[in-house]
Amino acid sequence: MSNKKALVVIDMQNDYLWDKRMKKFSYDTEKLVSSVNDSIEKYSAEGCDVIYIIQVFPNIITNKWFIGFSIKGTEGAEIYSGIKNVSGLCFEKNLKDAFTSKTFREHVEKAGYEQLYLCGIDECGCLGATAKGAVKAGIPVSVISESAGCRFSDSKRNKMRSSLKALGVKYI
């Protein structure tokens with residue numbers, strides 16, 4: 001078998017990275033975007049498929065009021081302009097784990113990936129949940145530490161890392 005691999009770039013969207021974002025999204029945009037772009041270049045050059053995942057919530061009034069970000073069809077839900085786009089592979093998800101997206105899951109199964117590398121945001125949110133989803137799907141998964149943003153405390157991040165490592169997730 002060919003040992004097909006993919007880099008999964010998670011939630012690198014305007015609403016989490018641009019100047020107009022909510023205060024709670026305290027990522028160092030310049031540093032994170034640079035690191036994620038370095039990963040995109042590296043893994044793409046090594047022959048990995050690059051898959052983009054975006055968080056979108058249905059464009060209904062209650063989501064606009066109570067969630068207020070990543071609303072389908074808004075500029076905020078689009079991939080951040082500083083992110084290198086090297087493929088046409090982009091999938092939407094409504095929940096934290098990208099494997100809850102039927103179209104993403106079907107693509108992963110059809111492509112036959114034998115290894116996934118994850119980068120993006122947030123290590124204690126969607127990135128961590130997607131790592132767990134990969135484990136559940138039986139696909140070896142590694143998190144690229146330098147390219148994984150986290151807006152939570154070091155203790156919460158360390159707890160997440162410990163739980164992911166216990167499941168067999170590797171950190172590189």
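The exercises below, each with a worked solution, concern a predicted model.

**Exercise 1. Determine the strand order of the open sheet, and state which strands stand at its edges.**

Step 1. The sheet has six strands with parallel pairing, in the order β3-β2-β1-β4-β5-β6.

Step 2. The edge strands are β3 (90–93) and β6 (170–171); each has a single partner strand, so one side of each lacks a neighbour in the sheet.

Step 3. At the β6 edge, β5 (residues 141–149) pairs with β6 in the parallel sense over two bridges. Here S142 stands opposite K170 of β6.

Step 4. Helix α5 (residues 126–136) packs on this sheet, with contacts to β1 (5–10), β2 (49–55), β3, β4 (115–121) and β5. The direction of α5 makes about 165° with that of β4.

**Exercise 2. Describe the pairing of β1 with β4 and with β2, and decide whether β1 is enclosed or open.**

Step 1. Between β1 and β4 there are six bridges in the parallel sense. One residue to inspect is V9, whose bridge partner in β4 is C119.

Step 2. Between β1 and β2 there are five bridges, also parallel. I10 has I53 of β2 as its bridge partner.

Step 3. Buried means under 20% relative accessible area. Five of the six residues of β1 are buried, so the strand is largely enclosed by the rest of the structure.

**Exercise 3. Find how many residues of α5 are buried, and what they pack against.**

Step 1. Eight of the 11 residues of α5 are buried, and the helix is mostly covered.

Step 2. The buried residues are C126, L127, G128, A129, T130, A131, G133 and A134.

Step 3. These buried residues pack against β1, β2, β3, β4, β5 and α6 (154–166).

Step 4. Just after the helix, G138 takes a positive phi of about 80°.

**Exercise 4. Characterise the surroundings of M12.**

Step 1. M12 is in the loop between β1 and α1 (14–17).

Step 2. The relative accessible area of M12 is 2%, so M12 is buried.

Step 3. Leaving out residues up to four places away in sequence, M12 touches L17, L32, V33, V36, I79, Y80, I83, G120 and I121.

Step 4. M12 and G149 are 137 residues apart in sequence, while their C-alpha atoms are 9.7 Å apart in space.

**Exercise 5. Locate the backbone features at D11, S70 and D122.**

Step 1. As a reference, most residues other than glycine have a negative phi, and most peptide bonds are trans.

Step 2. D11 has a positive phi near 55° and is not a glycine. D11 lies in the loop between β1 and α1, and its 2% relative accessibility makes it buried.

Step 3. S70 is likewise not a glycine, and has a positive phi of about 55°. S70 is in the loop between α3 and β3 and is buried at 0% relative accessibility.

Step 4. The peptide bond from I121 to D122 is cis, with omega near -5°. D122 is in the loop between β4 and α5.

**Exercise 6. Identify which residues form the nonpolar surface patch, and classify I61 by accessibility.**

Step 1. The patch consists of I61, W65 and F66, which together have about 440 Å² of accessible area.

Step 2. I61 is in helix α3 (residues 61–66).

Step 3. The partly exposed class lies between the limits of under 20% for buried and over 50% for exposed. With 47% relative accessibility, I61 therefore counts as partly exposed.

Technical notes
Residues are numbered from 1 along each chain as its sequence is written. This is a predicted model: local features need pLDDT of at least 70, side-chain atom pairs count only at pLDDT 80 or more; totals for chains, interfaces and linings use all residues. Side-chain values use heavy atoms; hydrogens and water are left out. Two strands pair if DSSP finds at least two bridges between them. Helices (H or I, at least four residues) and strands (E, at least two) are DSSP runs, numbered from the N terminus. Contact means heavy atoms within 4.5 Å. Axes are lines fitted to C-alpha atoms, for helices over the stretch in contact, and angles run from 0 to 180 degrees between N-to-C directions. Patches are made of residues with over 30% relative accessible area and no salt bridge: like charges are joined within 9 Å, nonpolar side chains (Val, Leu, Ile, Met, Phe, Trp, Tyr) within 5 Å. Accessible areas come from the Shrake-Rupley method with a 1.4 Å probe; for residues, only the protein chains shown count as cover. A salt bridge is a side-chain nitrogen of Lys or Arg within 4 Å of a carboxyl oxygen of Asp or Glu. Buried means under 20% relative accessible area, exposed over 50%, partly exposed in between (1.4 Å probe, protein chains only).
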